[in-house]
Amino acid sequence: LKQIADQKNIVLAQGLSEEQQDKFTKGLKKEGADVDEFYSEHLVSAHKDAVKLYEKASEKEEDADLKSFFASKLPELRHHLEKAEGLENKVKAKKS
């Protein structure tokens, strides 16, 4: 993505948004099993958001290079989401 962005003079975000930073900071205050739960829930949520974003971009993006990039990464993102959901289920089962 960085290569494509550089070629097209697109500036990418360089860090976390304020909302993301707040979530991260909140997670750092947790301990023990609460850390696992927070992490797994955040992992699932972030991957769901990424899949939605990439699906939308792969359908509606007008730039062919960007559209192709987003479409090519979707299977990998969906696989990561499945793994994250599996982790989340294990964490929840362990807590029960």
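Here's a quick briefing on the pockets, the nonpolar core and a few residues of this structure. Keep in mind that you're looking at a predicted model. Helix α3, which covers residues 33–60, keeps turning up: α3 gives the largest share of the lining in the largest pocket and also in the second largest pocket. The largest nonpolar core, on the other hand, gets its largest share from α4.

**The largest pocket**

- Let's start with its volume, which comes to about 360 Å³.
- The lining is made up of 15 residues, and the ones closest to the pocket's centre are Q20, K23, F24, H42 and A46.
- Two helices, α2 (18–28) and α3, each chip in at least two residues of this lining.
- Helix α3 has the largest share here, with seven residues.
- Sort the lining by class and you get a mix: seven nonpolar, five polar and three charged residues.

**The second largest pocket**

- This one holds about 190 Å³ of space.
- If you want to find it in the structure, look for its lining residues: L1, L12, A13, L53, Y54, A57 and F70.
- Once again α3 supplies the largest share of the lining, this time with three residues.
- What classes do the lining residues of the second largest pocket divide into? Seven are nonpolar, with no polar and no charged residues in the lining.

**The largest nonpolar core**

- There are 13 residues in this core, and V51, Y54, F69, F70 and L77 have the most contacts inside it.
- Helices α3 and α4 (64–95) are the elements that give two or more residues to the core.
- Of those, α4 provides the largest share, at seven residues.

**Y54, a residue to look up**

- Y54 shows up in two places: it's part of the lining of the second largest pocket, and it's among the residues with the most contacts inside the largest nonpolar core.
- Which residues does Y54 touch, leaving out those up to four places away in sequence? They are F69, F70, K73, L74 and L77.
- One of those partners, F70, also helps line the second largest pocket.

**K52, out on the surface**

- K52 sits in helix α3.
- Is K52 buried or exposed? Its relative accessibility is 57%, and the cut-off for exposed is over 50%, so K52 counts as exposed.
- Compare K52 with E18: the two are 34 residues apart in sequence, and their C-alpha atoms are 21 Å apart in space.

Conventions. Residues numbered from 1 in each chain as written. Predicted model: local features only at pLDDT ≥ 70, side-chain atom pairs only at ≥ 80, totals over all residues. Heavy atoms only, no water. Helix = DSSP H or I, 4+ residues; strand = E, 2+ residues; numbered from the N terminus. Buried < 20%, exposed > 50% of the residue type's maximum accessible area, 1.4 Å probe, protein only. 1 Å grid on protein atoms, 1.4 Å probe; cavity = no way out; pocket = protein on both sides within 12 Å on 5 of 7 lines; lining within 4 Å. Points joined across faces, edges and corners; volume = space filled by probe spheres on them. Nonpolar A, V, L, I, M, F, W, Y, C, P; charged D, E, K, R; others polar. Core = buried A, V, L, I, M, F, W, Y, C linked by side-chain atoms within 4.5 Å. Contact = heavy atoms within 4.5 Å.
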